[in-house]
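Colleague: I am new to this one. Could you show me how to read it, one feature at a time?

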Amino acid sequence: YAENAEKRVMNNQLKKMTVKEYQSIPVVAKESSSVYDAIVTMFLEDVGTLFVVKENSILTGILSRKDLLRASMGKQDLSSIPVNVIMTRMPNVTMCEQDDMLIEVANTLIQKQIDGLPVVKKIQQNGEEQYEVIGRMTKTNITKAFVDLGDEHQRS
Ligand code: ADP
């Protein structure tokens, strides 16, 4: 019984953990940025994923380390290739919202085999649904939550 109760407590705590409390600040690149600039940004900001945006932080695509590595294998001049020709573009970008449960995000990351997701806010612009980038959720954020869950569990 005690074991079941313990599991219930863990489960409840898990369900209370949402993106809002664990998200990081998003790191973005403009659509017109070059692959070279994106690589520099990735190093300077120490992230593994960049979100590509147009004006007003509207999401248009996403860039991973391997996307940039792949683009670097050719002999082209990296400062003349715009990121928007190599990125994974909308509507193929998987996103999450602030009120989503962390456990859902963790599931998505595993299922899609990706490292991170943009946290977005839906907005209407020119009669179209658009997504404003407001945060970043990665495996590191999930790991942090996992540690918190363990700490809380020990205290209770
Ligand atoms: P890496 O390519 O460095 O291993 P990922 O596993 O995160 O990093 O990315 C794998 C591929 O999936 C890349 O081509 C990337 O553009 C794409 N990708 C990454 N994150 C997302 C996402 N949230 N939605 C859709 N595609 C993504």
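Modeller: Happily! Let us begin with polar contacts to the ligand, keeping in mind that this is a predicted model. A polar contact is a pair of N or O atoms within 3.5 Å. Here, a polar side-chain atom of aspartate 67 lies 2.4 Å from a ligand oxygen atom.

Colleague: Which backbone atoms lie 2.8 Å or 3.2 Å from a nitrogen atom of the ligand?

Modeller: A backbone N or O atom of threonine 94 lies 2.8 Å from a ligand nitrogen. For glycine 116, a polar backbone atom is 3.2 Å from a nitrogen of the ligand. As for cover, the protein hides 83% of the 540 Å² of accessible area that the ligand has on its own.

Colleague: How many residues surround the ligand?

Modeller: To be counted, a residue needs a heavy atom within 4 Å of the ligand. The shell has 14 residues, and the closest are Ser64, Lys66, Asp67, Thr88 and Thr94. By class, four are nonpolar, six polar and four charged.

Colleague: Which element gives the most to that shell?

Modeller: Helix α4 does, with three residues. At least two residues each come from β3 (58–64), α4 (65–72) and β5 (116–125).

Colleague: Now the surface, please. Is valine 40 buried or exposed?

Modeller: Buried means under 20% relative accessible area and exposed means over 50%, with partly exposed in between. Valine 40, in helix α3 (residues 35–45), has 34%, so this residue is partly exposed. Together with Tyr36 and Leu44, Val40 forms a nonpolar surface patch with about 320 Å² of accessible area.

How values were computed
Residues numbered from 1 in each chain as written. Predicted model: local features only at pLDDT ≥ 70, side-chain atom pairs only at ≥ 80, totals over all residues. Heavy atoms only, no water. Polar contact = N/O pair within 3.5 Å; in protein donor to acceptor, adjacent residues only side chain to side chain. Areas by Shrake-Rupley, 256 points an atom, 1.4 Å probe, with all protein chains shown as cover. Helix = DSSP H or I, 4+ residues; strand = E, 2+ residues; numbered from the N terminus. Nonpolar A, V, L, I, M, F, W, Y, C, P; charged D, E, K, R; others polar. Patch = residues over 30% accessible without salt bridge, like charges linked within 9 Å, V, L, I, M, F, W, Y side chains within 5 Å. Salt bridge = Lys/Arg side-chain N within 4 Å of Asp/Glu carboxyl O. Buried < 20%, exposed > 50% of the residue type's maximum accessible area, 1.4 Å probe, protein only.
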